[in-house]
Each structure stands twice: as structure tokens, then as C-alpha cells.
Amino acid sequence: MSAVLTLDFTVNGKRRRVRVPPMKRLLDVLREDCGLTGTKEGCGEGECGACTVLMDGVPVNSCLVPAVQAAGVKIVTVEGLAKGPALSVLQRAFVERGGTQCGSCTPGILVTAHALLQRAKGRVPGDAEVRVALAGNLCRCTGYQMIVNAVRAAARETLASGPGRAARTARPVAREQGKSARAKSKPVKTKAKARTTATVRAQAKPARAKAGVARRRPGPGR
Amino acid sequence: MTRTPTRRARPKTTLRPQPAVGVSVPKRDGEEKVTGRALYVDDLKFPGMLHGRTVRSMVARGIIRRVEFDPAFDWNGVVIADHKDIPGLNCVAHLTEDQPLLAVREIEHADQAILLVAHADPERAQAALGAVRVEVESIDAVLSIEDSLAARVKIRGADNVLKEYNIARGDLAAGFADADVVVEGVYRCGHQEQLYLENNGMIAERTAEGGIVVRGSMQCPYFVHHALQRTFGLPPERIRVIQTVTGGGFGGKEDYPSLLAGHAALLAWKSGRPVKIVYDRLEDIAATTKRHPAVVRVRTGHRRDGTLVATDVDAVMDGGAYVTMSPVVLSRGALHAGGAYRCPNVRIRARAMATNTPPNGAFRGFGVPQTVYAMESHMDRVAAELGLDPLVLRRRNAVVVGDVTPTGQVLHESVSAVEVLDRTAERAGWAEKRRRYGRENAAAERAERAGRFAPGGRRLRRGIGLALGWHGAGFTGGGEVRLNSLAALDLSPEGRPRVLAANVEIGQGAITVFTQMVAERLGVSPDLVLVETPDTDRVPNSGPTVASRTTMVVGGLLEQCARAMRERLELFAERALDGDADFRRVARRFLAERGPLRVERRYQKPAHIVWNEETYQGDAYPCFSYGAVAVEVEADLDTGEVRVLRVTTAQDIGRAIHPLLCIGQIEGGTLQGLGWALLEEVRWKDGRIWNHQLTNYIIPTAVDAPPLDVLIVENPYSGGPFGAKGVGELPMDVPAGAVVAAVAHATGARMDEIPITPERLLRALDGREERR
Amino acid sequence: MRAALSTLEVARPRDLAHALKLLHASLDAGRLVPLAGGTDLFVTLNSGLVPGRRFLDLWSLRELRGVRDQAGRLVLGALTTFSEIREHALVRRRYPALAAAAAEIGAWQVQNRGTLGGNIANASPAGDSLPVLLALEAVVHARSVRGTREVPFTALFRGYRDLALEPDELITAVSLPDPDAPPPLRAGAARRGAHPPRAQQFFRQVGTRRAQSISKVALAGLLRLGRDGRVDLARVALGSVAPVTLRAGRAERVLLGARPSAAVAAAARAALLEDIAPIDDIRSDREYRRRVSGNLLEQFLRVADPRFARR
């Protein structure tokens, strides 16, 4: 029994050795001893999921894990999601589809979503499935819908670019979304001046969001 | 009047550049947030930094008799600060200066700060908290609106009233005399915690020159700046406030950061070392501000066809122990209390009461959710009593252009109450669902009586409810004039336009929207536009990031700055600017030949806006945004649990500068409204918050959140940049009333108190079953 | 984090025998607090409460892991996580109520770390797996330096957070009998037909929120009708309605031997209210818990057999 532990583990693919108290939270080990402050504390009691990291591939609340139990494990944090300088497909989907607002919950949500996509390999998880997987990650900004959309869009994109699939289902994201956006924006054909409306829920590309807006002539009405 | 500024400003000589406004460009802060690179206050460290903790009162009201420091504790390295260490005024300067930074003798609410400790090791600082014993003699406390109104115990003046407003129009008595039907109801709502995911936090330093630098999570750098001047008796130039990446605010970082910054700065002042105070969730929920609870009595008179002829509202809010933001929250609540309805005879009385609870403060909606929830619950009740479709009743009374509000404000333009109702109803399939759910519920009831149950044996009922809301954008009445906001645009050394404003990004997308509006006017891409960190040494005071004012008011100033900058550069170049590369070329040449370029614009009140603070008459807001919400629920008769199946909402926000961000605001605000209506309840025990854990103060998860079908309606406001009005708060105002109506439709139980917890609903249902 | 974590110590046993030795030896000088997935412990520490200064880390003990089917009994190692339980094919098939309860515990992150043994040892009256284990008549396998013993779940809870275990005993596993195993043949009784009817399993947890909520009421039930049309197996267990997770003995006695009818359901409901003793607390109130307990019982009965709802 000792008050200081020499902890050897792997973080984002790098072997690490730190000397820490054995009951120090993995969250604090990552933030203070490894300098990885991307992982956030939101509640300290495993409720909000802001501190989610992968431990040997499965998401855990790092605020509930003592350092001693991280010995020899592989940890992935938000900082380890991108391979190289470019954003991962999932990260990019969050930026493009409104999946991040204040950003406090974002690291934990990305890590959980990443684990979900790993498990769902070769399949686009359904809306309900994504919501259940993310039930342990609280977000107070978005209403979750754009988060769910981003996760599913990333799955579709990954699927489309996967080996052997590209030819058959070339860019289904764009196609599918484009279609839905077109279909839904039909009334807009008469354009802004017609004071018409359409849903804005399915935005394929940032620029498309415009289609979802009911615009009216300026000035006094009625 | 009928031309958009867009057209007016576009020079004929240039090619049309890609539009920046109305396009969902990548969120400016998106990349740093998805990579974990964004640095929030708790991610920052400074050499020699101490960690501060706060000794708080355990009782709601009392007199401090003794403060003891455990002699057995090792006090080495512990810095202690109390009220005697405050160099200036012991107050948190808001509108008034009645809230002490640290308690002197009187304790006015539980968890009130008494003294501060700090240590280099956070564990030692925490331990020091336990080694301070404060002996407080408890006194009878006032803990509820009812107790405060009864004034058996007086804690503020003779009647415990912190603030009162009275608004009147027409002849109320004549209105009621003229009515065929008079309906009355009392509607209650409780505290709500903002629950930003990032807790409140600050780091303060004492500079070598005898000044103070504070960094932290906040909505209003200049509020903090002002408060610190008072606390430390320092001139403005010796205080510097810098916003760090802020993990949500929702009003919870509007006024409270001034107090927290004062605490951190006091410890830094005394120790000479940087001091960080970051609350944990338990402390944040227990000690920081909440939404004001309210009891709202609504009495309305109607003609048989539903036409509103008299409205009498008496709204009482719980202000907590100090005045803080209550007068303005109350004012806004009162100004919206009549709902977006036309009524010739109105009386609105609004009071904020003092209680011995932590001061309630700003929270998205700022008093409006309370009064709009009451009015909308009431309208649903009226519809039921008159046998009218709630949509028909609302359409009949909803304001249109030319109508007059209770303060006598004529609604001249951009009035979309009817339009958002119609769009919402159409999109939600209102009429069909109203009928279908009613039919299905009756069938389910018959089947259950015959012993036939749905799969899983559940007894479920569905319903759909509707609500309409409005929200005035910007500060009330003369508020914007008092703020006197100044925003600026300059050129960076590399020749890029740079936004200088004190308004902060808290997730809502403020800085992205700023870059779009500026880019549109300069004819460049938003990527080219830089945004300076909100730092009081670098940006002018463009006012607080509150009141749905950032896009409309500050964006408007920046848009003017951009126009002026373009004019200056085009005059200099003697030709029109043409896109990013050309802009930079011209800008660099300007910098080289003429020196720095900085354009400023100060808020100018439009001449036609007239407001009388004394009589509370006139143009309360330059314009209103309008929203309607249809909520569909499923109630479980066995458990009282209510699940939201779907929400449809149309909201008129003038112009969506960034549609995706606007929808993000609407979806997020809507879910907060659903949480307030169904789940979120602050529970109290002996004057302290009992459920100050995230495990017990519950907010919606992804599974609780329904699909949200959002329609943006754009009915431009001529005084807003590109026609934009406010969007931030409106989405929070409307859902609760629709939830109440949907639950009534599903179960027949009309709930007059939110949140509609399973306990409350089951009690109401049992009451009905017994009566049958 | 309000507890001073750096002052806490952890013993890291090599194996189970070593762990038991350390635990036993610690009784004289401040008992080691067993530590499994930490999902309850760290919540306590975060609030500043420190249940002990020294901990015994069980997480790496292989002997406490794994799920085995042993002669019709399913044996779950104490460190089996709720994720493993909810995804285990045999659990889902044979003990759907347990799979359902596992899915209600926290969210994914907590299910990946929270263990069955930990949920039992924590002995919260709101522990979601406990009513199911009680209704399934699970057996707790406990071990100490003195040897092993089996404690039936029905005899496990002595009082509020008080288990019938010795301070140096560790929970090593939980075994579950097959609720559908044919009852042992009585002498002289002829076996008729191939399989007896299956027992209906039920689990419902009621919290305010739809995910990761702590239960206000949880009810687990098992009900089987014999060939004579009478109830021949009735088990009802509830959580969050008394200081301990409990079996509703009175309600079970009303049901046992009865033919399903609305009158029997009403009588069982009345009896259930005598079985439970709920209180007002931070999450709900006594009246609600009484009402919902009765409602859940009726729901369970009408799901098990629609005749319970026919008047």
C-alpha cells in the first residue's frame, strides 16, 4: 500500500508514466499530469458525461475512475480523436451541423459518439439508438437534435467512403440530404418574396440551410 | 421603408460577392471546441496560483456571533479574507448596491459568502473550509412568496416588496362589465437552475502596478469591470477583465460573475498571488442565481366568441435576499404579461418580493417565461370554458400591425403572431391531431374498462397543446440609451477587419454572426474577419451579452462600422473594393500610408421610440419577436410520467443571419422550456437547496428530448441589421404553456403549477378519479 | 472533488486469496473498503464524505469476473458489469427482467463500470438490480479467509444499507436459479406434458426522467399460472419504498393459489400497501410511492395475465 502510484498507461496512442496518488481521479490525471485539458468536469458524480474518455475502447466517466485502475489500460480522449491535423469525420460533422455550441459537453459527447460508431461499424445507428447511447452525456445548449444528426451524418459519410462501398453508394450523404432538402423546400421555389415557408431541419451543407427559411418582405404588413 | 439595407448598401460597381448573411458558415469557435483545444477558465494555470474556497452560511437568516479558526489545523500557507479586507465598498454593484460581497454581521440567505480561504493546494484549501467554524444565531426567515406577502416577518421595509410596477390601459371595470365570460386562474412556477455545463469560475491577479486582472467565464465583462471598481476603489484603467471560453451562460453568468470576480480578486489582492476559484457543481447549484419563482393571477373577460375585452394580471416573483437583477426581470415579465394579444382594457401589477433565499437572477427569458406561461395556460383554460379551439381563440386575439400593447406601444411593423400560430398549427397537424388524440384517448378508456390494455399493460393518453409568445429584443425602454453601447471595427496589422466588442461567445454563435454581418457589408468572406477577445483593455463597452440584444443592437452597430469602413477604404482607393484579396491589398496600403484605421459607432435611439420610465407608458421595446409552439405529449396514468413526443415551433426572428445557429438557439431554448415545465424542480430543506446535485436536479437527456421541428419565419424589422430581431430568449418563453395544455388535452388534468412532476400529475389525476 | 483523494491509500491484491487476507488483516486497524467500479464510491467522495482512508482494489481480480451457466444456474462474477449483463444472450433470454434493470442503471458510461457485486454491496434501497435479484431468488456467494458460504437474497438485507455479511467477507458471485426449470418431481406425481408454462417476468423502474434516473419506485415480478389455472408462482419485489429492497410477502400470499381476476388484483394491491413503508425524500414522496407501487403491481398482473384486469 502506498500513497503514490507509478502509473503506466497509454493515452491517445502514447505510452505515459506518471506518479500520482492511487485514488486520484483519472480525470485529474489526464488534465493535470498529462496536460490534456480537453476532458471536462461538469459534475464530478458521473451524471453529465463531460469527462467521458474511452478506457480500453469503452466509454467511462473519468471522474469516477481511480488512477490505480487505469494501470496498463489504453485511454482515448477528445485530443486523440483526430488522426493528424485534420478533423475526424465525426468532428467535422459536429462543426458543420451545429453539434457544438458552448463546447463544454462536446469532448465527452464526441468520445461517446466515437465509441458508438466503432460498435456500429458498417451501419448507420438509428435516431433512438444514438439518443440512448448519448443518454449519459448532458448538453444544455443544443436540444440534442443537431448532435444526433451530426453523429448519424458522420456514420453515413464513413460508410460511404469505406472500402468497396464508395462505388456503389457514392456520396449518399449529399444525395440523400440534397433530395430531402429539395423536397422540403419546394414551396420556396416561389422564393422569398412569396412569404412561404419550409422546414429547416435537414441541412445538407451549410449553404442549404437558407432554403429552410420563410422570408417576408420587409416593412409593415397587413 | 420597404427596402432592405442589403440592397441599399451594395455598390453597383462590384460583382456580387458571395453573400455572408443568411448562410450557415462554419461556426467560428467550432474547431477548437471539437478538438478539445478551447481553453476554459479551469484549463488555465498561472505560476504561484492559489485555489480559493468560500465559507458559506448554513442558515437562511441570522446574526454572525463568532468566527473560529480551528487551532489544531495547520494554517500555514492559507490566505484568509473577510469583509474587513475589502479596500472599497463591500458590495456587488448591480443596479443597486445592496448585496454585500461578504457578509458582515447579518446573514440574509443560506449559502451566503462569509469569508474566503485560499491555498496553493486545492485539497488544503478545501480542508481549511472545514476548519473554520462560524457561529450564527438563527432568526425567523422568510422562505416563500406567500410568507413574504403575508409580511409576518419583515425583511425589507414594511411589506417585503423589493420592487413594484403597475401598467394600465383603458378602463378595466368597464371591460369586465362588457364581458360575457370572466375566467380567473392562478399559475405557479418554481426556481430553475441555468445549468450551463461549465460551472462558474474566475482567476484574479494583482498587477505590479496595483491593478487587478480577472479572467473567467462570463457574459458581461463590463459588468464585472464596474463591480470591481466599486469593490476596490480603483479607477477603470487599473482593472482589466478578460473573458475566457465560456461554457454556456443562459443568464447564469450575467450578474453572478461580478460577485465571484470580487471574491477571487480580494484573495489575489490580499495574497499578491493569482487566485483561481472554480465552483464544483454542488456549490454552483447551491449558491448561484436561479430563475425567479412566480405566482401569477390572471383574470380575463371575453365575449362569447372569445374576444378579449379585459385583462387583469397580478404577477408576484420571488426576488431572493437582495435586489440584484429583480427590478429588470420583473419589469420585463410585467411588460409581456398580457401576452401577444390585443386587449383594450388592461391592468398589470407586478411585484418582486424579498425572501431569505439566494438572490434570483437572470435566466434566458428574464421574467417572460413566467408571465407568458401563466397567460398561455390561462388562454387554454379560457378556450376550454368557452368551448373554443385554442388555436381559434388565439388567432382571434393575437396582435397584428397597428395594435397597441398595454403600455400604449403601437406595433408598427414586423408583427407575426398570427403567422407563427398558423405555420405551427399547419406543420403540426393541429386540427387533425387534436381530434385524433381525443378519439384515441376515449377509445383507450373504454377498452381499459373492458379489461383490454395496450401492449405492455400501460395506460397511456396523448394530447397536443399550443402556446404563443413574444419577446421584446434589446433592453427595455430607455435601457439601451443608458447602456450607451460603443462597438468598433479596426484593421489588424495584416490588413484584416477586426471586430472590437465586449459581447461574448457563450456557445450561441455571437462571434460567428458578427463576422458574417461585417463581411457582408465589406464584401469579403467571413473568414477574413477577425474577432478580438473580449478584454476590457482592448474592446470598447458594447454592453452585456444579454436580452437578445447581441445580434440586433451590437450587430447593428458593427454593421454601421463596416459600412463606414468600406466607405473610407473605397474613398481612399478611389474605387470599389472587390473581395478578400483586394480588401487586404487596399487595407495594407491604407495602414502604410495613413496609419491605423478604427471606426466606432455608438448606440443611437431611433427617434420614433418614446418611453416614459415614470408612467411605464410608451415603446417598451423597439420590436418583438414572436413564436408559437405545439407540444405533443404522452402521459402514463399509472405513474404520472409525461413524455414529450414531438414539438413543432415557428418563430419569427426578423432575419436569420445564420440559420443553423438560429435553429440551434430555438431547439436548445425549447428543450430548456420543456425541462422547466416537466422535470426541473429546485427542492428546499430548511432554507437550503436540497437537491444541489446533478443526480437530483435533473435536466433532460437525449432520450427525453423529443424531435424538434423548427420553422424560422423571417419578417424583417427595419431597425435591425439585415432585418434581424432577437432569437436568444423567445424559445424559452413559450413551451411551458403548451405543455400544460397538452397534458390537459391528454388527461383532462389542468395543472396550475409547473414543473408537472409525476407526483403533481398523479395527485391531480387521483383527485379527478375520486370525484367521478 | 471535496474529499482529499491524495491522502487515500489503496491495497492492490495479487489474487482473491490475497485480497481476502488483506481484508481480514485490516479489521483491527481500519477496515479496507472494497473498491470495484467506483461508480458509487466516487459520488460519495465528491460530496466530501469519506467512507474510509484505505481501499481494497478488486478491479483486477480475474476470479470475480465472467458469467457461467452451471447446471441451469447462471453464475455471474461479482465484477460483472451492467453492460455485460444487458448484452449477455442468456441473461436476455432467461432473465429479461435483469437485462431490463441493467439497462436502467445510469447510462452507458456507468454501465461499463458499475458492477453487480458493487450494486449489492452498496445496498442502496434504490439499487436497480436488487428487486430483480430478490424476485429471482438469487444467491450471493460470499468468501472470506474462513471459506465460502451462500447467502440467499431473501436473507441478505438486515436494515438500511446493512447486509448479512461479515466485515471480512467479499461478494464473489451471484447465482440465479432458472425460473422456468421444472419443479422437482414429487414422489408419485406423474409428469404431464413436456414443459410447464413459463413464468412471466416484469421489471419497471419509475424515475422522473426517461434515462439515467434514480428510481422512485422499482418493481420486479415473477408470476406463473399452473395447469389448473391458479397462480403457482408469485414473487413481487420492490425498491425505493422501504429502508431495504423487499419482497411483498402479503401480496404474494394473496396471489398464490388464486385464479386471476380483478378482485384478486385489488386484494393483492391492498396487501402490497401493507408490505411497503415508503417515505418522503429528496426524490419523491410517500403518497406517490404508495400509489405507484399499487399501479405497477396491477400493470404487472395484467401483463402477466389479462384476466387480472377483467371485471
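# Exercises on sheets and interfaces in a predicted three-chain model

Three bridges join β2(C) to strand β3 (residues 54–57) of chain C, and these two strands run parallel. The exercises below concern a predicted model, and each is followed by a worked solution.

## Exercise 1: the sheet of chain C

Task: Determine the order of the strands in the open sheet of chain C, and state which strands stand at its edges.

Solution. Begin with the pair of β2(C) and β3(C), in which C:V33 stands opposite C:F55 of β3(C). Extending from this pair, one finds an open sheet of three strands in the order β1-β3-β2, with parallel pairing. The edges are taken by β1 (9–11) and β2 (33–35) of chain C, each of which has a single partner strand, so one side of each is left without a neighbour in the sheet. From one strand to the next, the twist averages 35°.

## Exercise 2: the seven-stranded sheet of chain B

Task: Work through the seven-strand open sheet of chain B, giving its order and the type of its pairing.

Solution. As a first step, take β9 (residues 201–206) of chain B and its partner β12 (residues 275–278), which are antiparallel and joined by four bridges; within this pair, B:G201 has B:V278 as its bridge partner. As a second step, follow β9(B) to β10 (residues 212–216) of chain B, where the pairing is antiparallel over five bridges and B:A204 stands opposite B:V214. These two strands form a hairpin with five residues between them, in which B:G210 takes a positive phi near 85°.

As a third step, pass from β10(B) to β11(B), a pair that is parallel over five bridges, with B:I239 in β11(B) as the bridge partner of B:I212. The full order is β3-β5-β1-β12-β9-β10-β11, and the pairing is mixed. At the edges stand β3 (79–81) and β11 (239–243) of chain B, each with a single partner strand, so that one side of each is left without a neighbour in the sheet. Neighbouring strands of this sheet are turned against each other by 25° on average, direction ignored.

Task: Which strands of this sheet do helices α6 and α7 of chain B lie across, and at what angles do they run?

Solution. Helix α6 (residues 221–232) of chain B lies across β10 and β11 of that chain and runs at about 150° to β11(B). Helix α7 (residues 256–271) of chain B lies across β1 (50–56), β3, β5 (113–119), β9, β10 and β12 of chain B, running at about 35° to β9(B).

## Exercise 3: the interface of chains B and A

Task: Describe the contact between chain B and chain A in terms of residues, buried area and polar interactions.

Solution. Counting residues, 80 of chain B are in contact with 65 of chain A. The two chains bury about 5,700 Å² between them, with 55% of it on carbon and sulfur atoms. Of the area that chain B buries against chain A, B:V34, B:L197 and B:L660 supply 12%, more than any other three residues.

Turning to polar interactions, there are four salt bridges between chain B and chain A; one of the salt bridges joins B:D42 to A:R31, whose closest N and O atoms are 3.7 Å apart. The count of residue pairs in polar contact, both at pLDDT 80 or more, is 22. The elements giving two or more residues to the side of chain B that touches chain A are α2 (30–34), α12 (417–428), α18 (659–678) and β27 (708–714) of chain B, and α18(B) gives the most, with nine residues. By class, that side has 34 nonpolar, 25 polar and 21 charged residues.

## Exercise 4: a hairpin of chain A and the contact with chain C

Task: Describe the hairpin of β3(A) and β4(A), and then state which elements of chain A give two or more residues to the side that touches chain C.

Solution. Strands β3 (residues 52–55) and β4 (residues 58–61) of chain A pair in the antiparallel sense over four bridges, with A:T52 opposite A:N61. Two residues lie between the strands of this hairpin, and A:D56 in the turn has a positive phi of about 50°.

For the interface, 37 residues of chain A are in contact with 33 residues of chain C, and about 2,800 Å² is buried between the chains, 61% of it on carbon and sulfur atoms. Two salt bridges are found across it, including one between the side chains of C:E87 and A:R119 (3.2 Å, N to O). The elements sought are β3, β4 and α3 (106–119) of chain A. The residues of this side divide into 21 nonpolar, ten polar and six charged.

Notes:
Residues numbered from 1 in each chain as written. Chains lettered and ligands numbered in written order. Predicted model: local features only at pLDDT ≥ 70, side-chain atom pairs only at ≥ 80, totals over all residues. Heavy atoms only, no water. Contact = heavy atoms within 4.5 Å. Buried area = accessible area lost by both parts, 1.4 Å probe. Polar contact = N/O pair within 3.5 Å; in protein donor to acceptor, adjacent residues only side chain to side chain. Nonpolar A, V, L, I, M, F, W, Y, C, P; charged D, E, K, R; others polar. Pairing = 2+ DSSP bridges. Axes fitted to C-alpha atoms, helices over the stretch in contact; angles between N-to-C directions.
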